[in-house]
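Here are a few exercises to work through with the model open. Try each one yourself before you read its solution.

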Amino acid sequence: MFPKLDPILHSELRLAVMSILAGADEADFTYLKKQTGATSGNLSVQIDKLTTAGYITVEKGFKGKMPRTTCKITPAGQEAFRNYVEALKEYLSAGA
Amino acid sequence: MEQNKEMTAQESLNLISETMNNSRKEIVRNSGKYFVLWGVLLTVFSLLVYFLWKTTGKVAWNNLWFALPLIGYPLSRWAKNKEKDSRAENFISRINGGIWGTFGVFACSVALFSVLYSQFFDSPLTTIVLGVTLSPQIVLLFGMAETISGITLKNWTIKIAGWITGIGGLAIFYIAQVGAEQMLIFTFAGIVLTATGLIVKHQYK
């Protein structure tokens with residue numbers, strides 16, 4: 001019996017955002033946008049979903065006069081990401 | 001990138017691996033410019049102090065060093081604020097920032113202590129003990145910071161360059177008993193720091 005893949009993470013854009021945040025202490029919204037190539041609207045929606053799931057935190061502030069949105073992965077998000085990768089490995093090893 | 005695209009397990013793993021790798025490279029490559037900035041400043045200041053000390057014979061020109069952080073710190077803040085389009089930090093960039101920040105604090109503190117001590121407790125002994133040993137102390141701190149950067153960046157060239165600058169600088173200072181020429185040890189350190197920035201930019205391309 002294969003473990004069920006987390007539906008929150010099993011989406012291309014959300015997974016990319018989580019992958020970036022899993023390897024970084026924090027990242028700007030604009031950095032995530034640049035790295036993923038997503039539109040602002042789409043990225044905002046996916047970030048909201050990850051925030052609602054408790055996988056990331058979003059902090060709004062200012063850098064000089066410019067608004068700045070910073071995203072960070074939470075311990076729950078790290079755990080979910082780790083479990084997701086483990087599940088993927090199980091799928092692949094079973095298929096090999 | 002789409003949020004509803006159906007991915008296979010292999011595609012998901014590839015996406016994770018590729019995204020993490022690209023992001024890591026981007027963050028570390030970006031930190032290269034700070035090495036270049038401080039490296040160029042160190043080179044320019046060391047040559048300037050060397051020239052003034054050599055031509056006038058006045059050791060007091062060394063006080064110019066205190067202008068280095070006063071110019072360098074606002075410049076690096078400005079460079080950081082210029083990154084308006086994107087910013088992220090990871091373990092390597094944070095550790096490297098910490099290493100060089102600590103080096104700066106220690107180098108400035110040692111220099112300030114040395115200057116103040118010699119002002120208030122002026123004696124030939126002070127000059128011998130503090131005046132003579134300040135440069136090797138700072139060059140040794142520099143070598144350590146550079147070597148640790150090489151360890152975090154997993155780059156042997158940077159590790160060896162740090163060791164050569166720290167230990168080599170120390171050896172040259174004591175063996176050659178240099179005067180104003182000791183500033184050239186810092187010129188070498190500045191070149192090493194600039195080269196480190198360029199290596200980082202190249203390694204994480």
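Two strands count as paired if DSSP finds at least two bridges between them. Helices (H or I, at least four residues) and strands (E, at least two) are DSSP runs, numbered from the N terminus. This is a predicted model, where local features need pLDDT of at least 70 and side-chain atom pairs count only at pLDDT 80 or more, while totals for chains, interfaces and linings use all residues. Residues are numbered from 1 along each chain as its sequence is written, and chains are lettered from A and ligands numbered from 1 in the order in which they are written.

**Exercise 1.** Work out the order of the strands in the open sheet.

*Solution.* Start with E1(A) and strand E3 (residues 66-73) of chain A: two bridges pair them in the antiparallel sense. Ala27(A) sits opposite Cys71(A) of E3(A). Now cross to the other chain: strand E1 (residues 26-28) of chain A is also joined to E1(B) by two bridges, again antiparallel. Here Glu26(A) faces Glu89(B). Put together, the four strands run in the order E2(A)-E3(A)-E1(A)-E1(B). E2 (56-63) of chain A and E1 of chain B each have a single partner strand, so one side of each lacks a neighbour in the sheet.

**Exercise 2.** Take apart the side of chain B that touches chain A.

*Solution.* Count residues in contact, meaning that their C-beta atoms, placed from the backbone, lie within 7 Å. That gives 28 residues from chain B and 32 from chain A. On the chain B side, helix H1 (9-56), strand E1 (88-89) and helix H3 (91-120) each give two or more residues. H1(B) has the largest share, with twelve residues.

**Exercise 3.** Which face of H6(B) do its buried residues line?

*Solution.* First, check the length: H6 (residues 183-203) of chain B has 21 residues and spans 30 Å from first C-alpha to last, close to the 30 Å expected at 1.5 Å a residue (that is, 1.5 Å times one less than the number of residues). Next, pick out the buried positions (20 or more other C-beta atoms within 10 Å of a residue's own; exposed is 12 or fewer, partly exposed in between; C-beta atoms are placed from the backbone). Among them are Phe186(B), Leu193(B) and Val200(B). Finally, look down the axis: the buried residues fall within an arc of 160 degrees (taken from the directions from helix axis to C-beta atoms), so they line one face of H6(B).

Technical notes:
Contact = placed C-beta atoms within 7 Å.
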